[in-house]
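Student: I have a structure to read and I am new to it. Where do I begin?
Tutor: Put it on the screen, then ask about one feature at a time.

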Amino acid sequence: MTATYPHKKAKALKPSSRRPAKELCSECGLCDTYYIHYVKTACAFLNQQIAELEAQTHARSRNLDCPDEVYFGVNQTMMAARKTEPIPGAQWTGIVSTIAIEMLDQGLVEGVVCVQNTQEDRFQPMPIIARTREEILRARVNKPTLSPNLSVLEQVEQSGMKRLLVIGVGCQIQALRAVEKQLGLEKLYVLGTPCVDNVTRAGLQKFLETTSRSPETVVHYEFMQDFRVHFKHEDGSVETVPFFGLKTNQLKDVFAPSCMSCFDYVNSLADLVVGYMGAPFGWQWIVVRNQQGQEMLSLVQNQLETQPVRSKGDRHQAVQQSIPAYDKGVTLPMWAARLMGMAIERIGPKGLEYARFSIDSHFTRNYLYVKRHHPEKLASHVPEFAKRIVGQYRLPE
Ligand code: FAD
Ligand code: SF4
């Protein structure tokens with residue numbers, strides 16, 4: 001390829017203009033590359049275009065008359081799965097890393113965009129283009145902080161690579177899809193994870209110090225389907241803290257403004273999504289969005305145990321009650337939080353209904369955030385599917 005691309009000139013931009021989304025920037029990495037040239041149309045926080053990009057990626061946007069698609073996006077199938085031999089040290093059972101390794105080993109791709117951590121800090125993300133299974137394995141486990149995954153895109157073009165897998169969260173994938181045609185690739189595969197409540201590295205420190213008994217030894221944590229945060233420590237012990245016991249009054253500002261205004265929890269534009277929230281405890285949740293996603297999943301099917309997704313309970317009352325409680329920063333004493341956690345675990349929403357509970361709780365909170373902090377963006381930034389979800393609830397002013 002010899003043409004001079006217009007985006008390559010964009011490097012001359014002044015540093016002050018390099019994050020046009022300003023406080024809403026999620027540090028997705030696009031603006032660290034010459035693809036910043038496309039930022040005004042590509043950035044998820046400047047130009048919400050999920051429906052258009054769904055049509056580009058999946059040949060149709062989600063069907064707003066289908067309740068499951070309103071929540072989970074365009075999909076062919078959903079299932080619960082786990083690896084029969086989990087990868088030690090992975091976030092869950094390592095389905096994401098395993099798919100990436102198979103794609104590389106079987107020659108479907110030449111490289112994989114994924115996130116390792118720096119040598120000094122296990123939670124400091126370091127995006128790379130992995131070319132070996134060892135490099136992919138070193139990227140296993142969540143770095144629960146904003147990660148500039150797209151910052152390596154220039155290297156893709158420079159390397160001459162033509163077949164690429166990108167692993168990433170919703171905001172990264174929205175920007176990626178918007179510039180996909182400029183990357184000079186023959187084939188792009190996208191393996192997404194759901195994502196919510198992400199933080200800067202400093203924000204993560206505050207969260208750990210406010211919530212865990214031993215912040216410096218946490219190696220891994222997750223907000224689980226049993227309504228508790230599970231912290232895994234260096235010695236292998238697991239500490240659990242009920243959601244209702246979180247110090248909401250101190251944590252209200254900890255989540256990044258980008259995540260407080262995000263409505264792409266389920267990564268609508270990936271070919272295949274691997275999370276946990278629609279699956280029973282201990283299992284992963286798989287959403288196959290298109291044929292390419294099915295092809296990716298098929299590569300590891302023989303390494304998985306699967307079961308159908310299920311749904312139980314009714315989330316609406318719990319979501320409605322949580323809206324003013326979060327808004328006022330209500331924090332329960334730990335004994336009461338544990339009691340409430342046990343009760344809701346027994347009778348509360350399960351499976352896909354738990355996923356809907358989590359989506360409803362975050363979308364209502366985020367809708368209020370955008371309405372209060374960026375009212376001029378409300379109409380265009382909130383996608384139609386999210387407006388329908390939020391419309392089920394009474395919100396404070
Ligand atoms: P592994 O095999 O351990 O691989 C993890 C992969 O994640 C690696 O390939 C790595 O490149 C990538 N990664 C790590 N950190 C980041 C990052 N900061 N940005 C982008 N990519 C990263 N699932 C839910 O169902 N609900 C949630 O609310 C939810 N929140 C999440 C928040 C974050 C920040 C992340 C990264 C993931 C979240 N997930 C969520 C997905 C879930 O936690 C697991 O990542 C997923 O189920 C895959 O598990 P695994 O064992 O197969 O992954
Ligand atoms: Fe740029 Fe990404 Fe930040 Fe938007 S979110 S301003 S595209 S780095």
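Student: Which residues come nearest to ligand 1?
Tutor: A word of caution before the ligand: this is a predicted model. To read a binding site, start with the residues around the ligand. Ligand 1 has 33 residues around it, and Trp-92, Ser-97, Val-141, Lys-143 and Tyr-276 come nearest.

Student: Which backbone atoms lie by an oxygen or a nitrogen atom of ligand 1?
Tutor: Look for N and O atoms that pair up. A backbone N or O atom of Lys-143 sits 2.7 Å from a nitrogen atom of ligand 1. For Ile-95, a backbone N or O atom is 2.9 Å from an oxygen atom of the ligand. For Val-274, a backbone N or O atom is 3.4 Å from an oxygen atom of ligand 1.

Student: How much of ligand 1 does the protein cover?
Tutor: Compare the ligand on its own with the ligand in place. On its own, ligand 1 has 910 Å² of accessible area, and the protein covers 97% of that.

Student: Which elements supply at least two residues each to the shell around ligand 1?
Tutor: Trace the shell back to helices and strands. Here α4 (95-105), β2 (111-117) and β9 (272-275) each supply at least two residues. The largest share, 3 residues, comes from α4.

Student: How do the residues of that shell divide into nonpolar, polar and charged?
Tutor: Sort the shell by residue type. Around ligand 1 there are 17 nonpolar, 13 polar and 3 charged residues.

Student: What are the residues around ligand 2?
Tutor: Make the list, then sort it. The residues are Pro-20, Ala-21, Cys-25, Ser-26, Cys-28, Gly-29, Leu-30, Cys-31, Val-39, Cys-43 and Phe-45. They divide into 9 nonpolar and 2 polar, with no charged residue.

Student: Which residue before α1 has a positive phi of about 50 degrees?
Tutor: Check the backbone angle, then the residue type. Lys-22 has that phi although it is not a glycine. Lys-22 belongs to the segment before α1 (39-42). Its relative accessibility is 65%, so Lys-22 counts as exposed. Glu-27 also lies in the segment before α1. The phi of Glu-27 is positive, about 55 degrees, and Glu-27 is not a glycine either. Glu-27 is partly exposed, because its relative accessible area is 33%.

Student: Is Lys-40 buried or exposed?
Tutor: Find its place, then its accessibility. Lys-40 is in helix α1. Lys-40 counts as exposed because its relative accessibility is 67%. Next, look at what it touches. Beyond its neighbours within four places in sequence, Lys-40 is in contact with Leu-46 and Asn-47. Lys-40 and Ala-21 are 19 residues apart along the chain, with 8.7 Å between their C-alpha atoms.

Student: How many residues of helix α7 are buried?
Tutor: Count along the helix. In α7 (residues 170-179), 9 of the 10 residues are buried, so the helix is mostly covered. Among them are Cys-171, Ile-173, Leu-176 and Arg-177. Then ask what lies against the buried residues. They pack against α1, α2 (50-58), α6 (153-159), β4 (163-168) and β5 (187-192).

Student: Why do the buried residues of α2 lie on the same side of the helix?
Tutor: An α-helix has 3.6 residues a turn, so residues three or four places apart point the same way. In α2, the buried residues are Ile-50, Leu-53, Glu-54, Thr-57 and His-58. They are on the same side of α2 because they cover an arc of only 110 degrees around the axis. The buried residues of α2 pack against α7 and α16 (384-390). After α2 comes Ala-59, with a positive phi near 70 degrees.

Student: What joins the side chains of Glu-157 and Tyr-35?
Tutor: Look for a pair of N or O atoms again. A polar contact of 2.2 Å joins these two side chains. Glu-157 is part of helix α6. Glu-157 counts as buried because its relative accessibility is 18%, and the cut-off for buried is under 20%.

Student: How many residues apart in sequence are His-373 and Ser-261?
Tutor: Compare distance along the chain with distance in space. His-373 and Ser-261 are 112 residues apart in sequence, and 9.6 Å apart in space, C-alpha to C-alpha. His-373 is in helix α14 (residues 352-373). His-373 has a relative accessible area of 47%, so it is partly exposed.

How values were computed
Residues numbered from 1 in each chain as written. Chains lettered and ligands numbered in written order. Predicted model: local features only at pLDDT ≥ 70, side-chain atom pairs only at ≥ 80, totals over all residues. Heavy atoms only, no water. Near = heavy atom within 4 Å. Polar contact = N/O pair within 3.5 Å; in protein donor to acceptor, adjacent residues only side chain to side chain. Areas by Shrake-Rupley, 256 points an atom, 1.4 Å probe, with all protein chains shown as cover. Helix = DSSP H or I, 4+ residues; strand = E, 2+ residues; numbered from the N terminus. Nonpolar A, V, L, I, M, F, W, Y, C, P; charged D, E, K, R; others polar. Buried < 20%, exposed > 50% of the residue type's maximum accessible area, 1.4 Å probe, protein only. Contact = heavy atoms within 4.5 Å. Arc of directions from axis to C-beta.
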